[in-house]
Amino acid sequence: MLAGAARRAGHRVQVLDLAREWMIDHHAVPRNESVFIGDHDKPSESLRLFQEHWCSLCAEGWPSGLDSGQHEEVIVHLKAGFDEVEAAASAFCHTEIGAWFKRKISETTPPELVGISVLYSGQVIAALTLTHLVKAQWPKVPVVWGGAHVTALGEEISRDTRYGSCVDGFVFGYAEKTWVELLDSVANGSSWPQEVIRAGEEFRRAKDYPEIVPCFGTPVACGGRLTLPAQSSRGCAFGRCAFCTYPAIEGTARNLDLYPVREVVMEAERRGAVVSFKDSLITLNRLDELSKLIDGRVQWSGCTKLHPGLNADLLRRLAAAGCRTLEVGLETLTESGQELILKRQTPKLFLEFLDAAAAAGVSIVVNYITGFPRVDHDEEQRWLTKVLAEISTRPNLVAKVEHNRFQFERLSPMGRQPERFGLVVTGSWPWASVLDWKLAA
Ligand code: SF4
C-alpha cells in the first residue's frame with residue numbers, strides 16, 4: 001500500500017520483504033496448498049519451527065543469556081527493559097543475523113529514507129538491529145518506524161524519548177498519505193509532516209488514503225499458491241470486544257472505496273492467485289458487495305462475525321462468487337467469558353453457522369480463546385471440546401479451530417481500564433504490547 005501510494009506520487013520505492021527473504025535463505029519452505037485459503041493457507045508447523053530457529057539464534061547472541069523456557073516471553077513478547085533490548089540489538093549486529101542484514105543492505109540502492117514496518121513485538125529486535133546497520137552504512141539517512149506494533153505502543157512512544165535512541169521518527173496507524181508527505185519533504189528538504197513524531201513528542205495519528213491500489217511488484221508464490229491481500233474496510237464495525245486491539249490500532253470503522261479491490265482482483269486473475277481480505281471484520285453488506293464485484297473470477301477469503309444473516313442462502317451466494325474460506329471469531333462459548341469480553345454469541349447461532357457452511361461448501365476457521373480471567377478453566381475446556389466435536393461430526397464441513405491463549409494487551413479495552421474488568425496490571429515492559437496481570441482483590 002505504501003509503495004503504491006509513493007509510486008502514484010512519483011517517488012521511487014524499493015520494498016525489501018526481509019521476513020520472507022530470511023525464510024527463503026534459511027529454510028526449505030514446504031509446498032503447501034491446504035483446503036483453506038488466505039491467512040490459513042500457511043505451513044503452520046514449518047513456520048513454528050522457523051520461529052524456534054530464529055529464537056535460538058537470538059538467544060545465542062542475547063547479552064544476559066537465556067534458557068529455552070524464556071525464548072517466547074523475552075524474544076517474542078519482549079518482556080525486557082530498554083537497556084536489555086538495546087544491548088541485544090547492538091550485539092546482534094555482530095552475529096549471523098547482523099551479517100545477513102548487512103548483505104541485504106549492501107545489495108540495496110542507497111536510499112534517502114528507510115521506513116521499517118514492525119508488525120508485532122517479535123520483530124522489534126530485528127528492526128532495531130537493522131536500524132543500527134542502516135545507520136552504520138548510510139549515517140545521514142533517516143529511519144522511520146511504523147506498523148501495527150508501533151501503533152500499539154504509540155502513547156508510550158509519545159511520552160518517552162528512550163524509544164528514539166536510534167529511530168528518527170514514528171508513524172501511528174494507516175499512513176499512506178503521511179508517508180507520501182514525508183517522502184515529499186525528504187525530497188524537498190522541508191520539515192517533516194507533523195504526523196511523523198520523534199519519540200517523546202505529542203501523539204498524532206497518521207493520515208491514510210482510502211483509494212490506494214497496492215503495488216505488488218513481482219510476487220512469487222512461496223511454498224504454495226500465490227495469495228494477494230486486499231482490504232475493503234478499516235477498523236471494526238462491531239468494535240466492542242474487551243480483549244481486542246484492532247479498533248484502537250485501525251481507528252474508526254470505515255468502508256473503503258472498492259476501486260483498489262477491483263484492481264487486486266484483476267491482478268489475481270492475471271496471475272492465477274487467490275485474494276485474501278485483510279479486513280478485521282467484513283460486514284454482511286460488504287460481503288454481498290464483494291460477491292457481486294468478484295463474481296467468481298477468483299477464489300477469496302475473509303473474516304467476519306457470527307450473525308443470524310450468515311445463513312445457508314448467503315453462504316451459497318458467497319461460495320458461488322468464489323468465497324472459499326471464512327474466518328469467524330467465536331472466542332468462547334462460556335457465559336462468564338462472553339460476559340467478560342462483551343461479545344455474546346449463542347451456541348445455537350454457532351451451530352447454525354456450521355450447518356450453513358457445510359451446506360454451502362465454504363471452509364471455515366473458528367478462532368477460540370481460553371485462559372480468560374475469572375472464567376473456569378474446566379468449563380472453557382468442556383466448551384472447546386464441544387466445539388471440536390460439533391465440527392468433526394459434520395461430514396460435509398471443512399473447518400478448523402485456531403486455539404489461542406488469552407493475551408492481556410495494553411491497547412485493548414481491558415488493558416486500558418483493567419479495574420473495570422476486575423484486573424490489576426502487575427508487569428509492563430517498554431517494547432511489549434502485552435501486560436502481566438492478576439485478579440483484583
Ligand atoms: S474481535 Fe473481531 S469483532 Fe471483536 S472488536 Fe476485534 S475485530 Fe472486532
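**Stop 1: H2 and H6**

Select helix H2 (residues 18–26) and helix H6 (residues 96–106). H2 passes H6 in a right-handed crossing. Here right-handed means that the near helix is turned clockwise from the far one by less than a right angle, and left-handed means anticlockwise. Helices (H or I, at least four residues) and strands (E, at least two) are DSSP runs, numbered from the N terminus.

This is a predicted model, so local features need pLDDT of at least 70 and side-chain atom pairs count only at pLDDT 80 or more, while totals for chains, interfaces and linings use all residues. Residues are numbered from 1 along each chain as its sequence is written, and side-chain values use heavy atoms, with hydrogens and water left out.

The axes of H2 and H6 come within 12 Å and cross at roughly 115 degrees. That makes H2 roughly perpendicular to H6. Axes are lines fitted to C-alpha atoms, for helices over the stretch in contact; angles run from 0 to 180 degrees between N-to-C directions. Angles under 35 degrees count as roughly parallel, over 145 as roughly antiparallel, 65 to 115 as roughly perpendicular and the rest as oblique.

Now show side chains. Leu-18, Glu-21, Trp-22, Asp-25 and His-26 come from H2. They meet Glu-96, Ile-97, Trp-100, Phe-101, Arg-103 and Lys-104 of H6. Contact means heavy atoms within 4.5 Å. By class, this contact has five nonpolar, one polar and five charged residues. Ala, Val, Leu, Ile, Met, Phe, Trp, Tyr, Cys and Pro count as nonpolar, Asp, Glu, Lys and Arg as charged, and the others, Gly among them, as polar.

**Stop 2: H5 against H7**

Move to helix H5 (residues 82–92) and helix H7 (residues 124–137). Their axes are 8 Å apart, at an angle of about 55 degrees. H5 is therefore oblique to H7. This crossing, too, is right-handed.

On the H5 side, pick Val-85, Glu-86, Ala-88, Ala-89, Ser-90 and Phe-92. On the H7 side, pick Ile-125, Leu-128, Thr-129 and His-132. The contact of H5 with H7 divides into six nonpolar, three polar and one charged.

**Stop 3: the three-stranded sheet**

Keep H7 on screen and add the strands. Three of them form an open sheet in the order E1-E2-E3, with parallel pairing. Two strands pair if DSSP finds at least two bridges between them. At the edges are strand E1 (114–117) and strand E3 (169–170), each pairing on one side only. E1 and strand E2 (residues 143–146) are joined by four bridges. Label Val-114: its bridge partner in E2 is Val-143. H7 packs on this sheet and touches E1 and E2. The direction of H7 makes about 165 degrees with that of E2.

**Stop 4: the six-stranded sheet**

Next, trace E4-E7-E8-E9-E10-E11. This order describes an open sheet of six strands, paired in parallel. Strand E4 (227–230) and strand E11 (399–405) stand at the edges. Each has a single partner strand, so one side of each is left without a neighbour in the sheet. From one strand to the next, the twist averages 20 degrees.

Zoom in on strand E7 (residues 274–277) and strand E8 (residues 300–304). Two bridges join them. Val-275 stands opposite Trp-300 in E8.

**Stop 5: H12 and H13**

Add helix H12 (residues 259–271) and helix H13 (residues 284–294). H12 lies across E4 and E7, at about 175 degrees to E4. H13 lies across E7, E8 and strand E9 (323–331), at about 170 degrees to E8.

Look at the helix pair itself. The axes come within 10 Å and cross at roughly 45 degrees. H12 and H13 are therefore oblique to each other. Their crossing is right-handed. Val-261, Arg-262 and Val-265 in H12 meet Leu-290, Leu-293 and Ile-294 in H13. Five of these contact residues are nonpolar, none polar and one charged.

**Stop 6: the ligand**

Centre on the ligand. Which residues come nearest? Cys-236, Gly-239, Cys-241, Cys-244 and Leu-281 do, out of 13 around the ligand. A residue is near if one of its heavy atoms lies within 4 Å. The shell holds eight nonpolar, two polar and three charged residues.

**Stop 7: Trp-429**

Finish in the loop between strand E12 (423–427) and strand E13 (436–439), where Trp-429 is found. Leaving out residues up to four places away in sequence, Trp-429 touches Leu-78, Lys-79, Ala-80, Arg-410, Val-434, Leu-435 and Asp-436. For a distance check, select Pro-30: Trp-429 is 399 residues from Pro-30 in sequence and 36 Å in space, C-alpha to C-alpha.
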